[in-house]
Amino acid sequence: MSELKILEERKQFIQYGNADGCSGMKCDSESLSGAVSQRACVYCGARVVLNPITDAFHIVHGPIGCASYTWDIRGSLSSGSERYRNSFSTDLSEKDIVFGGEKKLAAAIGELAANHNPKVIFVYATCIVGVIGDDVEAVCKAAEKKYGIRVIPVKSPGFSGNKSFGYKMACNAIMELISPYKSGEKRQGVNILGEFNLAGEMWIIKNYLRKIGIQVVSSITGDASFDSISKAPQAALNIVQCAGSMTYLAKRMEEEMGTPYIKVSFFGIEDTSASLIRIAEAIGSQGSINRAKTFARTESDRLEAYLSKFQNNLKGKKAAIYVGGGFKAISLIRQFTAMGIKTVVVGTQTGKQEDYGVISGLVDKDTIILDDANPAELEMFMKQTGADILVGGVKERPLAYKLGIAFCDHNHERKHALAGYDGVVNFTEEINRSMNSPVWQYLKAPVSAKGALL
Ligand code: SF4
């Protein structure tokens with residue numbers, strides 16, 4: 001097999017660790033044409049954020065193919081309604097494209113209103129709707145008036161930007177949903193932004209906050225409902241877990257509702273402890289701060305003893321990370337370091353300059369840092385560095401298995417929690433089992449020092 005050449009324009013998106021704090025690295029920009037980025041489209045980005053609202057209805061205004069992106073491949077959990085597990089589509093076909101799809105959309109909203117008594121419907125505009133120019137906003141507005149329910153347009157044609165833009169469009173939709181309630185009084189308590197309750201992680205975090213005496217007003221959007229999310233303007237503080245998708249909403253809420261925000265991360269021991277203490281310091285009483293410190297110390301000590309059992313199995317192993325946002329990558333590097341594992345490749349789909357600055361300070365100088373990678377680059381760098389495991393999402397899984405290396409799903413499809421102290425136990429066991437499985441020795445193909453298959 002011939003060696004891969006990195007496209008000339010892609011070289012500015014790739015750096016080695018400690019290279020001037022990644023200050024010259026290109027990121028947070030459009031994908032390079034022809035580079036086959038791992039990013040999903042604008043509509044998918046918007047759906048990631050809004051789908052976990054458990055009693056919301058989601059109408060995908062477009063061809064049926066866009067609607068294939070459903071709860072089934074996201075796996076956020078609910079303590080109440082299961083409505084969000086259904087998807088609805090206007091199923092636009094050629095005739096609708098020629099004559100317009102507004103009537104079909106109005107009829108779809110009417111059908112839901114008549115049969116299901118919804119409180120809120122999100123209407124996603126997909127590529128073709130952006131092309132033919134259906135006035136989705138006008139249809140939604142008319143439906144709100146007619147049925148007395150919230151019908152919120154999500155302006156998400158796939159071609160209108162990248163996945164990050166979809167996050168923004170979802171945040172705008174949430175602002176539209178909660179803005180009517182912004183005049184209510186503030187109370188002590190936090191909103192958790194950017195936690196989607198995969199495998200029940202929201203419940204783990206809520207439980208920690210309850211233990212240290214911090215009240216949760218609403219969650220956006222894991223295990224949220226129309227009623228719970230409407231209370232969000234009352235919170236005294238927003239804590240932002242998935243910074244890539246939710247910093248924009250946090251900023252808008254700060255500007256328009258006076259709600260300050262802090263960024264947190266509940267992945268790994270160090271970041272979970274630091275986040276709990278920072279939340280308590282930002283909003284809690286002295287009692288909460290003391291409780292947070294005691295809880296963090298007790299859990300850290302417990303897990304240190306637990307992790308030491310895996311030391312021999314994990315020490316000296318190498319990890320590659322390719323995830324959505326910078327905050328998750330940073331937490332993963334820290335957790336791998338605590339486990340004695342070196343991060344040799346790290347990249348994100350939507351990381352910002354400041355994220356890469358932090359990353360460069362955490363990794364060795366020979367670690368490869370890359371933004372908006374494609375499968376060919378990931379393959380080449382994993383081979384070159386001899387990574388033992390890849391941490392990523394559904395699109396990276398086959399890549400790892402084809403290369404004969406272990407894989408850890410740290411995205412939306414997984415069924416076990418990786419957040420918080422509880423997550424550290426699951427993560428360590430999964431990494432240990434996957435990395436040290438005897439199966440890999442039978443699958444390793446010999447490669448040259450430059451990554452070509454021999
Ligand atoms: S890129 Fe366009 S057509 Fe494809 S899934 Fe996204 S919205 Fe639909």
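**Entry 1: contacts along the chain.** I looked up how far apart in sequence the contacting residues are. Of the contacts in the chain with a separation of 6 or more, 73% join residues that are 24 or more positions apart. I note here that I am working with a predicted model.

**Entry 2: overall form.** I next examined the dimensions of the chain. The C-alpha trace spans about 65 × 60 × 40 Å along its principal axes. I compared the radius of gyration with expectation: the chain has 23 Å, which agrees with the value near 22 Å for a compact globule because the chain holds 454 residues. I then looked up burial and found that 50% of the 454 residues are buried.

**Entry 3: secondary structure.** I recorded 18 helices and 14 strands for the chain.

**Entry 4: domains.** I looked up how the chain is divided. Domain 1 is made of residues 8-35 together with 314-443. Domain 2 covers 42-180, and domain 3 covers 182-304.

**Entry 5: domain 1 against domain 3.** I asked how far apart the C-alpha centres of domain 1 and domain 3 lie. The separation is 26 Å. I then turned to the contacts and found that 23 residues of domain 1 touch 21 residues of domain 3.

**Entry 6: the domain 1 side.** Which helix gives the most to the side of domain 1 that touches domain 3? I found that H13 does, with eight residues. Helix H13 spans 326-338, and helix H17, at 420-435, also supplies at least two residues of that side. Finally, I sorted the residues of this side by character: eight are nonpolar, 10 are polar and five are charged.

Technical notes: Residues are numbered from 1 along each chain as its sequence is written. This is a predicted model: local features need pLDDT of at least 70, side-chain atom pairs count only at pLDDT 80 or more; totals for chains, interfaces and linings use all residues. Helices (H or I, at least four residues) and strands (E, at least two) are DSSP runs, numbered from the N terminus. The radius of gyration is taken over C-alpha atoms; the globule rule is 2.2 Å times the number of residues to the power 0.38. A residue is buried if 20 or more other C-beta atoms lie within 10 Å of its own, exposed if 12 or fewer, and partly exposed in between; C-beta atoms are placed from the backbone. Two residues are in contact if their C-beta atoms, placed from the backbone, lie within 7 Å. Domain bounds come from an automatic or database domain assignment. Ala, Val, Leu, Ile, Met, Phe, Trp, Tyr, Cys and Pro count as nonpolar, Asp, Glu, Lys and Arg as charged, and the others, Gly among them, as polar.
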